[in-house]
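Biologist: Before we discuss this protein, may I ask you to show the model and then take my questions in turn?

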Amino acid sequence: MDFRRAGVPAAERETMMAAVAWAISDEPVGYEAAVAAMEARAAAIAAGEAREAVWLLEHPPLYTAGTSARPEDLVEPDRFPVHRTGRGGQYTYHGPGQRVGYAMMDLRARGKDVRCYVHHLEGWIIDTLKAFGVDGERREGRVGVWVRRPDRSGEDKIAAIGVRVKRWVTLHGVSLNVEPDLSHFSGIVPCGVREHGVTSLVALGRIVTMEEVDEVMRRTFEARFGETVRAAPPVPEPAAV
């Protein structure tokens, strides 16, 4: 099952830029700079001036607050910078060792179904985890991807998903825990869920590099969303120290 372009006339579809731009930043990118670049790219896509894009990056340690964030879920407000954002969801953490994937996709060409799009973002991560021998699962009422603990004592979140849509072009996307400092999540109630924890590929015993994760993410993305082509990151500058 995939989420390729559909639902638009063939003549119009032929004029669209077929391949999705695939960009990777090698150095951490500041959050405000990333959001500004993402917003600009989404506006260009909506205007028909740029192709769809996926941007893989890491942020310096920070918390983001989605539109449903509750003040009581920010446990340590002075620990890291807190950024208010227009994406859906509650509080989440971004930092080194976590692969963030910002997806700027044109839903006008993909059925205008936001719920289906989120389902496929989850599927993208589940497919990626499967390649590393990890069984990721969806949960009703809890957006994101979850894994059962090996001792069957519960389950933990390994990937978060938050989406915003403007003029039928998506912003934000996914964040997959590869090897972050999991203690950094303790400053918030991640995604407002108190009864479950967080985990990562490395915590599950999968010792992988970010480059290996990127390679698999591209392959599994293409299986669901279509062809990609390498492109320069929208913001090449590293985050300020």
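Modeller: Buried means under 20% relative accessible area, and exposed means over 50%. Please keep in mind that this is a predicted model.

Biologist: Is Thr64 buried or exposed, and at what relative accessibility?

Modeller: Thr64 belongs to strand β3, which spans residues 62-65. The cut-off for burial is under 20%. Thr64 therefore counts as buried, its relative accessibility being 0%.

Biologist: Which side chain makes a polar contact with the side chain of Thr64?

Modeller: Apart from residues up to four places away in sequence, Thr64 touches Tyr31, His83, Thr85, Arg87, Gln90, Tyr91, Thr92 and His94. Within that list, the side-chain polar contact, at 2.8 Å, is made with Arg87.

Biologist: Where in the chain is Arg87 placed?

Modeller: Two strands frame the position, β4 (82-84) and β5 (91-94). Arg87 is in the loop between β4 and β5.

Biologist: Which side chain of opposite charge is nearest to Arg87, and how many Å away is it?

Modeller: Arg87 is buried, yet it has no salt bridge. A salt bridge requires a side-chain nitrogen of Lys or Arg within 4 Å of a carboxyl oxygen of Asp or Glu. The contacts of Arg87 beyond four places in sequence are Thr64, Ala65, Gly66, Thr67, Thr92, Gly162, Val163, Arg164 and His172. The nearest side chain of opposite charge is 11 Å away and belongs to Asp73.

Biologist: How many Å apart in space are Phe80 and Thr64, C-alpha to C-alpha?

Modeller: Phe80 is found in the loop between β3 and β4, and it is buried, with a relative accessible area of 17%. Its contacts beyond four places in sequence are Pro61, Leu62, Tyr63, Tyr93 and His184. Phe80 and Thr64 are 16 residues apart in sequence, and their C-alpha distance is 9.9 Å.

Biologist: Turning to the chain as a whole, what percentage of its residues count as buried?

Modeller: The chain contains 4 helices and 12 strands. Its accessible surface comes to about 11100 Å², with 51% of that belonging to carbon and sulfur atoms. Among contacts with a separation of 6 or more, 70% are between residues 24 or more positions apart. Of the 241 residues, the portion that counts as buried is 51%.

Biologist: Which element supplies the largest share of the largest nonpolar core?

Modeller: In soluble globular proteins, nonpolar side chains tend to be buried together. The largest nonpolar core here has 34 residues, and those with the most contacts inside it are Trp124, Leu176, Leu201 and Met217. Elements that each supply at least two residues of this core include β1 (20-24), β8 (142-148), α3 (114-131) and α4 (210-225). The largest share, 7 residues, comes from α3.

Biologist: Which residues does Met217 contact, leaving aside its neighbours within four places in sequence?

Modeller: Met217 is one of the residues with the most contacts inside the largest core. Its partners are Trp22, Leu56, Arg99, Trp124, Ile125, Thr128, Val174 and Leu176.

Biologist: How many residues are in the second, separate core?

Modeller: This second core includes Ala44, Leu57, Met104 and Leu171. Its number of residues is 23.

Biologist: How many residues apart are Arg99 and Asp214, whose side chains meet in a salt bridge?

Modeller: The side chains of Arg99 and Asp214 meet at 2.7 Å, N to O. Arg99 is buried, with a relative accessible area of 3%, and Asp214 is buried too, at 7%. The pair links distant parts of the chain, strand β6 (residues 98-104) and helix α4, and the separation is 115 residues.

Biologist: Which helices hold Arg224 and Asp127?

Modeller: Arg224 and Asp127 form a salt bridge, their closest N and O atoms being 2.8 Å apart. Arg224 is buried at 12% relative accessible area, whereas Asp127 is partly exposed at 27%. The bridge ties together parts 97 residues apart in sequence, because Arg224 lies in helix α4 and Asp127 in helix α3.

Biologist: Which residues are joined into one network by salt bridges that share partners?

Modeller: The count for this model comes to 16 salt bridges. Those that share partners form a network of Glu137, Arg139, Arg142, Arg148 and Glu155.

Methods
Residues numbered from 1 in each chain as written. Predicted model: local features only at pLDDT ≥ 70, side-chain atom pairs only at ≥ 80, totals over all residues. Heavy atoms only, no water. Buried < 20%, exposed > 50% of the residue type's maximum accessible area, 1.4 Å probe, protein only. Lys, Arg positive; Asp, Glu negative; His and termini not counted. Contact = heavy atoms within 4.5 Å. Core = buried A, V, L, I, M, F, W, Y, C linked by side-chain atoms within 4.5 Å. Polar contact = N/O pair within 3.5 Å; in protein donor to acceptor, adjacent residues only side chain to side chain. Areas by Shrake-Rupley, 256 points an atom, 1.4 Å probe, with all protein chains shown as cover.
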